There are 2 protein chains.
Amino acid sequence: MESFYVPPHQIKESHLTIRDEEHHHITRVLRMQPGDEVLVVDGKGTAYFCRIASISIRETECVVESMITAYNEPAVRVTLMLPILKNRSRMEWLIEKGTELGVTVFLPIITSRTIPERIRLDRLEKIAAAAMKQCKRSVLPRIQEEKDLEYILRNEINEYDAVYIGDEGRTDIIRLGKENVNLPGKNILLLAGPEGGFTEEETALSIDCGAVPVSLGKRRLRAETAALVMAAYSITD
Amino acid sequence: MESFYVPPHQIKESHLTIRDEEHHHITRVLRMQPGDEVLVVDGKGTAYFCRIASISIRETECVVESMITAYNEPAVRVTLMLPILKNRSRMEWLIEKGTELGVTVFLPIITSRTIPERIRLDRLEKIAAAAMKQCKRSVLPRIQEEKDLEYILRNEINEYDAVYIGDEGRTDIIRLGKENVNLPGKNILLLAGPEGGFTEEETALSIDCGAVPVSLGKRRLRAETAALVMAAYSITD
């Protein structure tokens with residue numbers, strides 16, 4: 001069963017209204033009828049198990065039969081560094097895969113080796129929404145505006161319960177895994193590095209500010225691979 | 001430093017010959033000169049640290065100064081199921097990312113829900129070779145001819161020291177991680193499922209034949225995501 005995304009303002013306690021693309025998909029593509037069951041997620045963590053009450057030209061009206069909060073969401077809240085890449089498909093791929101794995105926030109981070117690129121937030125958000133529905137999550141990951149690494153380290157690091165930084169080429173340090181990321185309900189930030197890696201100064205500053213360096217193995221991972229691997233190791237529900 | 005791929009028959013003990021595309025890349029793109037250092041891998045697990053002795057129109061001759069076996073290779077030998085997908089870019093993506101993570105063999109597996117597609121082995125091999133060089137591995141992952149799941153289970157499963165099967169939607173079973181995949185020098189087979197998942201019969205037969213079911217978490221992962229996650233959890237050097 002596919003799920004549908006309906007923003008919270010279209011949802012009342014006992015009924016909800018599906019419009020626009022989702023309405024079109026229900027009526028024209030899936031040719032659903034009143035009485036059929038649909039699963040709706042609000043992108044904020046709640047899933048609504050509904051039955052179609054009526055279908056008009058512009059709207060599908062549903063009755064909510066039951067709801068589940070934190071539906072298919074991980075216990076830990078992961079903010080993942082989104083490396084800014086010239087190759088947009090690699091960024092889009094990371095959004096899709098990171099959403100499947102359970103990332104809550106994607107944070108584009110500018111480092112000294114980052115080559116500026118315009119980020120098409122609207123396109124990335126669409127990819128995240130499609131992946132959320134496909135993988136049956138109920139939270140639509142948020143994609144933030146880009147920020148400087150140093151700004152985050154100096155001003156925002158205290159918002160997280162733990163921060164991990166991938167330290168390329170080092171195997172003498174811990175690897176992320178469920179034995180060390182075991183923080184239900186906590187916020188963690190994963191710094192996976194830009195193309196070309198963090199500079200030594202950036203790694204040192206991150207560690208000074210409280211980030212824990214973690215190994216990503218012996219091989220040199222592409223930026224988007226490193227980020228995905230850190231997310232996979234951190235979300236173990 | 002980038003590495004170059006030279007097949008074993010072009011390598012003698014103390015010197016080696018770089019030809020074709022790699023020669024072109026060294027001379028025309030990188031404009032290297034006699035005396036420059038190059039790192040050559042043979043795709044079989046050995047890395048050669050060389051110095052260029054001479055450059056002709058068709059060949060770059062190198063003197064081997066030192067060599068390392070199993071260079072940047074994981075301790076465990078992972079054979080990863082390659083789901084056969086209509087969307088070729090998703091298969092290609094899995095080859096690239098699986099190579100970066102350290103997969104040794106990709107095995108396309110036909111299941112009852114697999115829709116047949118012609119696999120372009122030559123193209124997949126090129127992607128694997130590029131990823132091998134990029135991530136600094138010395139083994140070129142082999143991409144096998146496709147085989148039926150049942151044939152593998154009945155005839156080839158004894159070639160592996162351990163077999164794991166991803167069991168979608170189950171969270172009451174173990175998750176792969178370094179605490180349970182700790183098999184230096186051993187062969188493991190990872191069955192990650194086709195698009196649409198294994199049938200119940202396929203999962204049951206796999207378990208009957210000795211495969212250990214493992215959780216892939218609550219969310220429904222795409223076939224290529226599930227495969228990559230299983231590889232990431234299994235290779236923890």
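Helices (H or I, at least four residues) and strands (E, at least two) are DSSP runs, numbered from the N terminus. The model is predicted: local features need pLDDT of at least 70, side-chain atom pairs count only at pLDDT 80 or more, and totals for chains, interfaces and linings use all residues. Residues count from 1 along each chain as written, chains are lettered from A and ligands numbered from 1 in written order, and side-chain values use heavy atoms, without hydrogens and water.

**Exercise 1. Work out how chain B is related to chain A.**

Step 1: Try laying chain B on chain A, by least squares on the C-alpha atoms of residues with pLDDT of at least 70 in both. A turn of 180 degrees with a shift of 0.0 Å along the axis does the job, and the RMSD is 0.0 Å.

Step 2: Read off the symmetry. The two copies are therefore related as by a two-fold rotation axis.

Step 3: Look at the surface where they touch (contact means heavy atoms within 4.5 Å). Of the contact residues of chain B, 100% recur in chain A, so to speak the same surface on both copies.

**Exercise 2. Put the strands of the chain A sheet in order and find its edges.**

Step 1: Trace the neighbours, where a pair needs at least two DSSP bridges. You get an open sheet of 5 strands in chain A, in the order S1-S3-S4-S5-S2, and the pairing is mixed.

Step 2: Check the ends of that order. S1 (3-5) and S2 (15-19) of chain A each have a single partner strand, so one side of each has no neighbour in the sheet.

Step 3: Look at the twist, using lines fitted to C-alpha atoms (for helices over the stretch in contact), with angles from 0 to 180 degrees between N-to-C directions. On average, neighbouring strands here are turned by 45 degrees against each other, direction ignored.

Step 4: Zoom in on the pairs around S5(A). S2(A) runs antiparallel to S5 (residues 59-69) of chain A, and 5 bridges join them. In that pair A:Thr17 sits opposite A:Glu61. On to S4(A): 9 bridges link this strand to S5(A), again antiparallel, with A:Arg51 partnering A:Val63. A hairpin of 3 residues connects S4(A) to S5(A).

**Exercise 3. Go over to chain B and see what lies across its sheet.**

Step 1: Write down the strand order. In chain B, too, it reads S1-S3-S4-S5-S2, an open sheet of 5 strands with mixed pairing.

Step 2: Note the edges and the twist. S1 (3-5) and S2 (15-18) of chain B are the edge strands, each with a single partner strand. Neighbouring strands are turned by 40 degrees on average, direction ignored.

Step 3: Pick one pair. S3 (residues 37-41) and S4 (residues 46-55) of chain B run antiparallel with 5 bridges between them, and B:Glu37 has B:Arg51 as its bridge partner.

Step 4: Add the helix. H1 (residues 20-29) of chain B lies across S1, S2, S3, S4 and S5 (60-69) of chain B, at about 150 degrees to S1(B).

**Exercise 4. Describe the second largest cavity.**

Step 1: Set the rule. On a 1 Å grid over the protein atoms alone, a cavity is a set of points where a 1.4 Å probe fits but cannot get out, and lining residues have an atom within 4 Å of a point. The count comes to 5 cavities of 30 Å³ or more, and the second largest has a volume of about 80 Å³, a volume being the space filled by probe spheres set on the points.

Step 2: List some of its lining. Among the residues are B:Arg88, B:Met91, B:Glu92, B:Arg120 and B:Leu124.

Step 3: Ask where they come from. H2 (88-101) and H3 (121-135) of chain B each supply at least two, and H2(B) gives the largest share, 3 residues.

Methods:
1 Å grid on protein atoms, 1.4 Å probe; cavity = no way out; pocket = protein on both sides within 12 Å on 5 of 7 lines; lining within 4 Å.
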